[in-house]
Amino acid sequence: MTKSAFTLEQARQLTGDVWELTLAGDTSAVTAPGQFVNLELPGKFLRRPISVCDWDEGRLLLLVKEAGAGTRQLVRLPAGTELDTLSGLGNGFDLSAVPENAVLTGGGIGIAPLYGLAKRMIAAGRRPRAVLGFRSKADAFYREEFAALGLEVHIATEDGSLGTRGFVTDVLKTLPEGQYVLACGPTPMLKAVHALPQLSGGQFSFEARMACGFGACVGCTIQTKQGPRRVCKDGPVFQKEDIVW
Amino acid sequence: MVDLSVTLAGVTLKNPIVPASGTFGYGREFAELYDLDILGSFSWKGTTRAPRPGNPQPRIAESAAGMLNAVGLQNPGMEAVLREELPNIAKIFHGPVIANVCGFSLEEYAENCRMLEDAEQVKILEVNISCPNVHAGGKNFGSDPHSAAAVTRAVRTATKKPVFLKLGPNVTDIAEIARACEAEGADGLCLINTLLGMRIDLNTKRPLLANRTGGLSGPAVFPVALRMVWDVYEAVKLPIIGCGGVDSAETAAEMMLAGASAVEVGAANLRDPWACKTIIEDLPNLCERLGVEHISDLTGGAHHG
């Protein structure tokens with residue numbers, strides 16, 4: 001973990017409540033897709049933990065959903081704003097254990113870390129596919145970006161206005177047995193995906209309200225088969241077999 | 001050269017800055033960030049006899065200039081701390097350690113203190129009778145003078161180490177409780193714990209925290225903590241560790257002027273993991289500005305003259 005200043009370069013609105021932020025700064029602490037940064041906002045006591053969507057040597061790409069006062073403020077900060085940032089937080093997805101045709105499964109803003117993950121898997125010569133779920137066509141984002149990476153993208157929307165009508169699980173059920181999933185999304189989605197009998201395994205990225213983001217306060221602890229684990233420090237990605245609901 | 005050392009109940013700290021219990025774990029996370037030997041001491045995570053998983057999620061909420069937590073004393077239990085944390089602490093920190101000890105009965109408090117008797121590095125027992133997130137029979141031992149006195153009596157006979165009772169603000173008269181602890185032989189006091197509070201989630205129209213209520217900490221509570229340290233300093237002769245909303249060398253100095261011999265820094269560590277380091281580095285200049293050669297001269301200074 002490092003603490004450094006990142007400069008907001010651009011905020012691009014993707015849907016009614018989802019934004020893509022580009023920040024410039026020292027990204028050397030970011031080592032794996034699925035890690036997150038913790039941003040200090042003017043006038044807010046707690047930082048805001050945001051998953052890293054993608055990164056290169058000098059830039060961070062974040063997808064942010066307006067969920068409350070903090071994220072509303074964050075996406076409207078003027079370009080040029082410097083944000084005190086803890087970066088390289090958490091353990092990301094562990095690619096060493098992943099079969100080459102794993103299924104990236106994301107719901108809503110949870111697709112953010114899957115983009116950087118897909119990019120790196122493809123660069124490593126693997127052939128993942130993506131199943132992305134949204135509420136409706138109007139809520140969908142990053143379809144073209146995923147497709148541009150050259151992977152097969154399945155979309156599900158709850159109202160059927162785009163792709164398969166229903167949830168990501170309705171798409172996963174149509175895939176051959178024995179799928180390995182790399183999942184990130186709302187807890188009900190993670191739970192439903194985790195319960196699918198045809199999975200061979202998977203990694204699931206969790207979300208939690210956090211105070212510190214680096215393991216000190218244990219505010220984000222969940223219970224696992226290995227005992228209590230901190231989403232921020234031991235996660236946010238957990239192995240399928242360790243998860244209890 | 002300013003002398004930053006302070007002594008409380010016979011224990012000398014190289015400076016008055018002590019990370020507060022519950023914001024510093026058992027030191028592991030911070031040892032990755034800076035050399036812990038710069039600290040006066042640190043107060044480890046509140047530890048009970050048996051392991052505790054803590055409260056359900058969510059446990060954290062924000063508020064203006066602060067935060068609420070309802071962690072609920074999640075900890076690995078005293079045996080695991082003695083077996084796994086204490087040997088690690090000896091590697092990452094070489095100063096005196098403050099052991100925050102919790103319990104749900106007088107017997108548990110006493111037993112936890114006895115179990116620490118041979119832990120050489122533990123120089124002060126901080127007996128937590130004021131966690132707002134757990135309840136022994138519906139209330140805290142620290143919520144009235146009689147039960148606070150009973151805990152003090154139980155731990156006083158269980159250990160030779162200095163015993164500091166950690167008092168909370170969710171009481172009518174904290175000075176009365178402080179006097180009750182003093183009368184039963186407490187060596188010092190630590191105050192304050194978090195303020196009981198809550199938030200409601202407008203999306204669900206239900207309490208935001210699964211525990212419904214949580215403890216408020218951060219800069220929002222600093223004036224409350226300062227006033228209570230002031231009152232307790234007037235009421236007892238015991239050394240006081242001031243705690244609550246300290247986030248700078250300046251607020252630490254205010255805490256000492258109100259009567260604290262040492263100062264715990266809590267929520268500030270969660271927002272800025274290097275907060276204690278920065279405060280310690282800022283203390284010499286501040287002391288020069290305030291015209292003190294020994295920082296210990298600040299203690300209680302606001303009461304005189």
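What follows is a chat about the sheets, helices, empty spaces and backbone quirks of a predicted model.

User: Let's start with chain A. Which strands make up the seven-stranded open sheet, and in what order?
Analyst: The order is β10-β9-β8-β7-β11-β12-β15 in chain A, and the pairing is mixed. At the edges sit β10 (164–165) and β15 (237–239) of chain A, each of which pairs on one side only.

User: Anything packed on that sheet? Which helix is it, and what does it touch?
Analyst: That's helix α2 of chain A, residues 112–123, which touches β7 (103–107) and β11 (179–184) of chain A. The direction of α2 makes about 165° with that of β7(A).

User: How many bridges join β8 to β9 in chain A?
Analyst: Five, between β8 (residues 129–134) and β9 (residues 153–157) of chain A, and the two strands run parallel. One pair to click on is A:Val131, which stands opposite A:His154 in β9(A).

User: And β13 with β14 in chain A, parallel or antiparallel?
Analyst: Antiparallel, over four bridges, with β13 covering residues 221–224 of chain A. A hairpin joins β13(A) to β14(A) through two residues. A:Thr224 has A:Gly227 in β14(A) as its bridge partner.

User: OK, over to chain B. What's the strand order in the eight-stranded open sheet there?
Analyst: In chain B the order reads β3-β16-β15-β10-β9-β8-β7-β4, and the pairing is parallel. The edge strands are β3 and β4 (42–43) of chain B, each pairing on one side only.

User: How does β4 hook on to β7 in chain B?
Analyst: Two bridges join β4(B) to β7 (residues 97–101) of chain B, and they run parallel. B:Ser43 has B:Ile98 in β7(B) as its bridge partner. As for helices on this sheet, α6(B) packs on it, touching β10 (188–191) and β15 (240–243) of chain B. The direction of α6(B) makes about 165° with that of β15(B).

User: Does α6 of chain B have a helix neighbour too? What's the crossing angle with α7?
Analyst: The axes of α6 (residues 222–235) and α7 (residues 249–258) of chain B cross at roughly 25° and come within 8 Å. So α6(B) and α7(B) are roughly parallel to each other.

User: Which residues make that contact?
Analyst: From α6(B) you have B:Phe222, B:Ala225, B:Leu226, B:Val229, B:Trp230 and B:Tyr233. On the α7(B) side they are B:Thr251, B:Glu254, B:Met255 and B:Ala258. By class, the contact of α6(B) with α7(B) has eight nonpolar residues, one polar and one charged.

User: Switching to empty space. How many cavities of 30 Å³ or more are there?
Analyst: Three turn up in a search of the whole structure. The largest cavity has a volume of about 500 Å³. It is lined by 37 residues, and those closest to its centre are B:Ser21, B:Thr23, B:Asn69, B:Asn193 and B:Thr194.

User: Which elements feed its lining, and what's the chemistry?
Analyst: β6 (66–69), β14 (214–217) and α8 (268–271) of chain B each give two or more residues to the lining of the largest cavity. That lining divides into 18 nonpolar, 16 polar and three charged residues.

User: What about the second largest pocket, what's near its centre?
Analyst: Nearest the centre are A:Arg230, B:Tyr26, B:Gln74, B:Pro76 and B:Glu85, out of 22 lining residues. The pocket holds about 590 Å³ of space. Its lining has eight nonpolar, five polar and nine charged residues. Elements giving two or more residues are β14 (227–230) of chain A, plus α1 (28–31) and α2 (78–92) of chain B.

User: I was looking at B:Gly22 as well. What does it touch?
Analyst: Leaving out residues up to four places away in sequence, B:Gly22 touches A:Ala216, A:Cys217 and B:Lys45. The C-alpha atoms of B:Gly22 and B:Lys45 are separated by 4.6 Å, though the two are 23 residues apart along the chain. B:Gly22 itself sits in the loop between β3 (17–19) and α1 of chain B.

User: Last thing, backbone oddities. Where are there cis peptide bonds?
Analyst: One joins A:Gly235 and A:Pro236, with omega about 5°, and A:Pro236 lies in the loop between β14 and β15 of chain A. Another joins B:Leu191 and B:Ile192, with omega about 15°. B:Ile192 is in the loop between β10 and β11 (195–197) of chain B.

User: And what's phi at B:Ala9?
Analyst: Near 50°, a positive value in a residue other than glycine. B:Ala9 lies in the loop between β1 (6–8) and β2 (11–13) of chain B.

Note on methods. Residues numbered from 1 in each chain as written. Chains lettered and ligands numbered in written order. Predicted model: local features only at pLDDT ≥ 70, side-chain atom pairs only at ≥ 80, totals over all residues. Heavy atoms only, no water. Pairing = 2+ DSSP bridges. Contact = heavy atoms within 4.5 Å. Axes fitted to C-alpha atoms, helices over the stretch in contact; angles between N-to-C directions. Parallel < 35°, antiparallel > 145°, perpendicular 65-115°, else oblique. Nonpolar A, V, L, I, M, F, W, Y, C, P; charged D, E, K, R; others polar. 1 Å grid on protein atoms, 1.4 Å probe; cavity = no way out; pocket = protein on both sides within 12 Å on 5 of 7 lines; lining within 4 Å. Points joined across faces, edges and corners; volume = space filled by probe spheres on them.
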